[in-house]
Amino acid sequence: MTERTTATLGPARTDAPAVRRGPVNGSSRWLRAFPADEDPVARLVCFPHAGGTATAFADLAAALPDDLAVLAVQYPGRQDRRAEDCAADVTEVAEATAAALAPYTGRPLFLLGHSMGALAAFETARLLAREGAVARLFVSAARPPADDWQEPDLDTLDDEAVVAGLRRLGGVPDVLLAEPDLRAEVLRLLRADHRLLRGYRCEPDTALAVPITVLLAEDDPKNTADQVCGWARHTTAAHALAVHPGGHFGLTERAGQSARLLDGRIREDLAVRTVGPPADLVREIYLAGPDGRSSRLSTDLTSLQETARRVLQQSAYGYVVGDAGSGATGRGNREAFDRWRVVPRMLRGVTRRDLGVRLFGRDLAAPVLLAPVAAQTVVHPSGEIASVGGATDTGLPFVLSCFSSHSMEEVAAAAGSQPRWFQLYWPSDRALAESLVRRAEAAGYDALVLTVDNPAFGYRPTDLDHGYLPFLHGAGLANFTSDPVFNAALPPEAGPREAVAHWASVSANPALTWDHLPWLRQLTDLPLLVKGVLHPEDARAALAHGADGVIVSNHGGRQLDGAVAALDCLPAVRAAVGDGVPVLMDSGVRTGADVVKALALGADAVLLGRPYLYGLALDGRDGVRHVLRCLLAELDLALTLGGCGGVRDLTPELLAPAGPLAMPRQAAAARQD
């Protein structure tokens, strides 16, 4: 016995705010609408538990912001639909609800099913997901659809046994159970809905291309984290578990807390969806014609370097493009991508692509982050502020360099609610290192990226020939000059020259070893990634000493001349750490096809560096946005042409080495015969 029936027979709880007390005019037979803005940003569709009614969600509707409209499903056989027979099949409920929701698909739909309602919501999402109408499925107090829920047959139990089960869950006030007519109605609906529940069947491999968030009450007597973890099998998109206070009915009994949880997740998803499908950029450009393009920059991202050279000072251009030594590592990064070719697969019925990934508890719009690049005011006066603005415009996370020209607090304010990570160059002053990390936490950064491949500056002839290092001119020091620990170590009346000298004395830390990493791990709860890993054993060492993930990188070819290409190391690093560890990569990523290749070879996401910096140099925030939109459009189309419905479909089988395609074993054997 699963279900709360407090709202089965009458109105919702009396403490719900009057403005959103109950359903309003305009409700359909299957849906009850609660008051909200006339043009909401999204709609939350709620499916009640067994024995429940639409009014069970009145308190939740009242607690949510008015720009989130709530529609609650009213099953037949209760309240104003009492004259109808109760539903006998979950599919019947799903088909009718999906049809009733057709007029509401102009705004994102978020489906929420509680207990038995989770199955109805899941089946409804399967129908609506074909049209791309469902943004996320929330399931509460429910085991996965393919699992045996181990529900008793209530038709074989007497009334006292059923009532005892209700009391164990704490869902129905005793005053209702003490009144004979109300008690009889409660039991009638429970038994009918349990017949529906017991008759439901779902194949284990049934999956949605929709993110699923499982809501689990910490004191639920019916469900545990182990029992609900199987929901991950039923989505090809992101999956998450959110634990909240309360018992089996904590979702509705603690409406305020539940509303905050749901509102936060919905806002994150809406931020990701603010930009249309990336491939729409192509359509947009063609429809606008040659004179109507929103950007005059080339859509060939590999050509922007030469264009940027024409607008940048020679020293600044050299700083951006300069590689170590002869440039062999930089060239090798690009050659590594060219050694692989995508083998498209045809007639896969791909109509919509899911570019989304989930990293460290947050859903990202695409598997692309903006790499940390130091001293960005060298190429544009707004520097990191313009870059994070372009990232925000496209819904992508920004990784702020420790050596930035704007402080982490300023960049965080410009990022708003968008995900952002902070890259740490571990200084030799431990108190300063702690201060930087604490500030990143306070400013709302979501992860810490420790870059380890810079015990010393690389030998970069372009910078050396110009005698130019931006930091010595004051660029890239904002996180230090705004830090209280750093400033406390300066002599009285210190000026810019003293600040640069002190930075130079503490910014590098060549004495670091793996044994230092546990101190940083204990210092912060932020996810910790180690960037600059190429050898599989270093990846294992990073994890063994407390890292949560690694970034395969050779610093874009800027550190060691003749180093191995990052992409060539990626499969070995992935094999060394296993499938469950986040592995990202950078160094040489230039196009959407490059992203496809990196993900197929084992990366969860890539970091894009120089191309967005060229966009920044050419057109500030708009230039960054242009570069990112082009990259995502090409990635989106590459998925379509590769026959993939989402980035999760990218596997090594999609790639082949450059040159003649290897003959399948069966064909080769037949040819020999």
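## Charges over rings

Let's start with a pairing of charge and ring: Arg81 lies over the face of Trp30, 4.3 Å from the ring centre. This is a predicted model, so every contact described here belongs to a prediction. A second example brings together Arg430 and Trp519, with the charged end of the arginine over the ring and 4.4 Å from its centre.

## Strand 13 and its neighbours

Strand 13 is a good place to find your bearings. Its residues run from 420 to 424, and five of its five residues are buried. Arg420, Phe422 and Leu424 point one way from the strand, while Trp421 and Gln423 point the other way.

There is a parallel partner in strand 12 (residues 398-400), joined to strand 13 over three bridges. Here Phe398 stands opposite Arg420. Strand 14 (residues 447-451) also pairs with strand 13 in the parallel sense, over four bridges, and Gln423 stands opposite Val449 of strand 14.

Helices join these strands into two units. Strand 12, helix 15 (residues 408-415) and strand 13 make a right-handed β-α-β unit. Strand 13, helix 16 (residues 430-442) and strand 14 make another right-handed β-α-β unit.

## Aromatic pairs

Aromatic rings meet in many places: the count comes to 12 aromatic pairs. One of them joins Phe360 and Trp421 edge-to-face, with 6.0 Å from centre to centre and 65° between the planes. Phe360 lies in the loop between strand 9 (357-359) and strand 10 (362-364) and Trp421 lies in strand 13, so the pair ties together parts that are 61 residues apart in sequence.

How exposed are these two residues? Trp421 has a relative accessible area of 4%, so the residue is buried. Phe360, at 27% relative accessibility, counts as partly exposed.

Rings also gather into a cluster, in which ring pairs link Phe403, Tyr425, Phe457, Phe471, Phe480, Phe486 and Trp503.

## Helix 6

Helix 6 covers residues 180-198, which is 19 residues. From its first C-alpha to its last, helix 6 reaches 27 Å, close to the 27 Å expected at 1.5 Å a residue.

Which residues of helix 6 are buried? They are Arg183, Glu185, Val186, Leu187, Leu189, Leu190, Arg191, Ala192, Asp193, His194, Leu196 and Leu197. When you look along a helix like this, one rule helps: an α-helix has 3.6 residues a turn, so residues three or four places apart point the same way.

Notes. Residues numbered from 1 in each chain as written. Predicted model: local features only at pLDDT ≥ 70, side-chain atom pairs only at ≥ 80, totals over all residues. Heavy atoms only, no water. Expected span 1.5 Å × (residues − 1). Buried < 20%, exposed > 50% of the residue type's maximum accessible area, 1.4 Å probe, protein only. Phe/Tyr/Trp six-rings, centres within 6.5 Å; stacked < 30°, edge-to-face > 60°. Lys NZ or Arg CZ within 6 Å of the ring centre and 35° of its normal. Pairing = 2+ DSSP bridges. Right-handed = clockwise from strand over helix to strand, strands pointing away.
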